[in-house]
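Please read the following report beside the sequence and the model. It takes up charged side-chain pairs, one helix, and the spaces enclosed or partly enclosed by the chain.

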Amino acid sequence: MIGAIFGDIAGSVYEFNNTHNYNFRLLTKDSEPTDDTYMTLAVAKALMETSGQDDETIRTALVKQMQKMGRKHPDAGYGGMFYRWLQEKNPEPYNSFGNGSAMRVSSAGWLYDTEKEVLHFAKLTAEVTHNHPEGIKGAQAIAMAIFMARNGKDKTEIKDFIESHFQYNLDCSLQEIQKTYTFDETCQGSVPEAIIAFLEGKNYEDVIRLSISLGGDSDTIACMAGGIAEAYYGMEETYEQAVMERLDEEERNILLAFIKRTSGKNNANRY
C-alpha cells in the first residue's frame, strides 16, 4: 500500500501539468499526498477495524472513515460528485465508474488471503460510491494484481488473469498508448494503462516513471501501478521515508498499523 501512496505523491505535481519526460524529477518541494492517498488510508483503516465482521458493518465503516478523512483534507483534489458525497449525512452510491474506486483499493490486495476474499472486499470498498460495474471491476482488477504479485505470481500469470477475468486489453504498449492518450479519470480509461505500466516496468521506480510519463491522470495511474509494483518488487526505504514525512501522526499510525498487520505476507521473494 505504501507503494501506491508514493506513486500518488510523485505524480501529484504532474496530474494537471503532464510530463512525457521519463527523467522527470521524482520528488519536488510541491510533491504531496492527494485524494488518492487519503482515501487509500481511510479504506485501510476501515477494513482493519472491521476484520471478521459482516458486510453491512464494513460498508458503514468505509463510509465513516472516508468521510472523516475527506473532510479533514477538503482540498485534496476530489471529483465533484465524490466531494458532495463526502458532505452528505446519509451518503448513497452514485453509479460512478471513475478511477477513485481503483486508486483506494490497494489494502484489499494485502489484507486477505484468498482470491474470493480479495474480490469480495474490493467490491465492498468500491460500491459505497462506485457501484457501476466498471467501477467495481477496476477496483477488483487492481486488488487482484496486488494479491497475485505479493504471492509470487509472474507477470505473464498476472496479465493472463486480468485479461481473462476483467476483459481488459493489456497488449498495447505504453509507447503506442501515449500517442493518443488524454486525461481520463474512468476505470476503463486508466486501470489498464496502470497495469501495463507495471507489466513493462523493470523495477519499482521504473514503474512509477513509466506511469507518470504516460500523461493523463498521472497521480492516480502511478498510485494504481505503484501498489502493484511494490507487491512485486518491493521498494526502496528512502521512498517509504518520503511517504512518512508527508503524512501527519494520525495518518502515519494508520500506515504503521497496516504494515504491522501485513508483515510477512509478501511471498514474492523479490526484496
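## Salt bridges within helices

In this predicted model, the side chains of Lys45 and Glu49 come together in a salt bridge, with a nitrogen-to-oxygen distance of 2.7 Å. Both residues belong to helix H2, where they sit 4 residues apart, or about one turn of the helix. Glu49 is partly exposed, its relative accessible area being 46%.

A second pair of this kind is formed by Glu56 and Arg59, whose side chains meet in a salt bridge at 3.4 Å, N to O. These two residues are 3 apart in helix H3, which covers residues 55-72, so about one helical turn separates them. An α-helix has 3.6 residues a turn, and residues three or four places apart therefore point the same way. Glu56 is partly exposed at a relative accessible area of 48%, and Arg59 is also partly exposed, with a value of 25%.

## A long-range pair and a network

Which residue forms a salt bridge with Arg150? The partner is Asp113, and the closest N and O atoms of the pair are 3.6 Å apart. This contact links distant parts of the chain, since Arg150 lies in helix H8 whereas Asp113 lies in the loop between helix H6 (108-111) and helix H7 (115-127), and the two are 37 residues apart. Arg150 has a relative accessibility of 2%, and because buried means under 20%, Arg150 counts as buried.

Salt bridges with shared partners also join Lys68, Lys72, Asp248, Glu250 and Glu251 into one network. Over the whole structure, the search finds 15 salt bridges.

## Helix H8

Helix H8, which holds Arg150, runs over residues 133-150 and contains 18 residues. At 1.5 Å a residue the helix should span 26 Å, and its end C-alpha atoms are indeed 26 Å apart, so the expected and the computed values agree.

Of the 18 residues of H8, 16 are buried, which means that the helix is largely enclosed by the rest of the structure. H8 is followed by Gly152, a residue whose phi is positive, near 85°.

## The largest cavity

The model contains 1 cavity of 30 Å³ or more, and the volume of the largest cavity is about 40 Å³. Its lining consists of Ala42, Lys45, Gln65, Lys68, Met69, Glu250 and Ile254. Elements giving two or more residues to this lining are H2, H3 and helix H15 (249-262), and the largest share, 3 residues, comes from H3.

By residue type, the lining of the largest cavity divides into 3 nonpolar, 1 polar and 3 charged residues. Among the lining residues is Lys45, which also takes part in the salt bridge with Glu49; Lys68 and Glu250 likewise belong to the lining and are members of the salt-bridge network.

## The largest pocket

The largest pocket holds about 550 Å³ of space. It is lined by 34 residues, of which Asp35, Gly77, Tyr78, Gly79 and Glu185 are the closest to its centre. The lining is made up of 11 nonpolar, 14 polar and 9 charged residues.

Which helices each supply at least two residues of this lining? They are helix H2 (35-49), helix H4 (80-87), helix H5 (100-103) and helix H13 (218-233), with H2 giving the largest share, 4 residues. H2 thus contributes to the lining of the largest pocket and is also among the elements that line the largest cavity.

Note on methods:
Residues numbered from 1 in each chain as written. Predicted model: local features only at pLDDT ≥ 70, side-chain atom pairs only at ≥ 80, totals over all residues. Heavy atoms only, no water. Expected span 1.5 Å × (residues − 1). Buried < 20%, exposed > 50% of the residue type's maximum accessible area, 1.4 Å probe, protein only. 1 Å grid on protein atoms, 1.4 Å probe; cavity = no way out; pocket = protein on both sides within 12 Å on 5 of 7 lines; lining within 4 Å. Points joined across faces, edges and corners; volume = space filled by probe spheres on them. Nonpolar A, V, L, I, M, F, W, Y, C, P; charged D, E, K, R; others polar. Salt bridge = Lys/Arg side-chain N within 4 Å of Asp/Glu carboxyl O.
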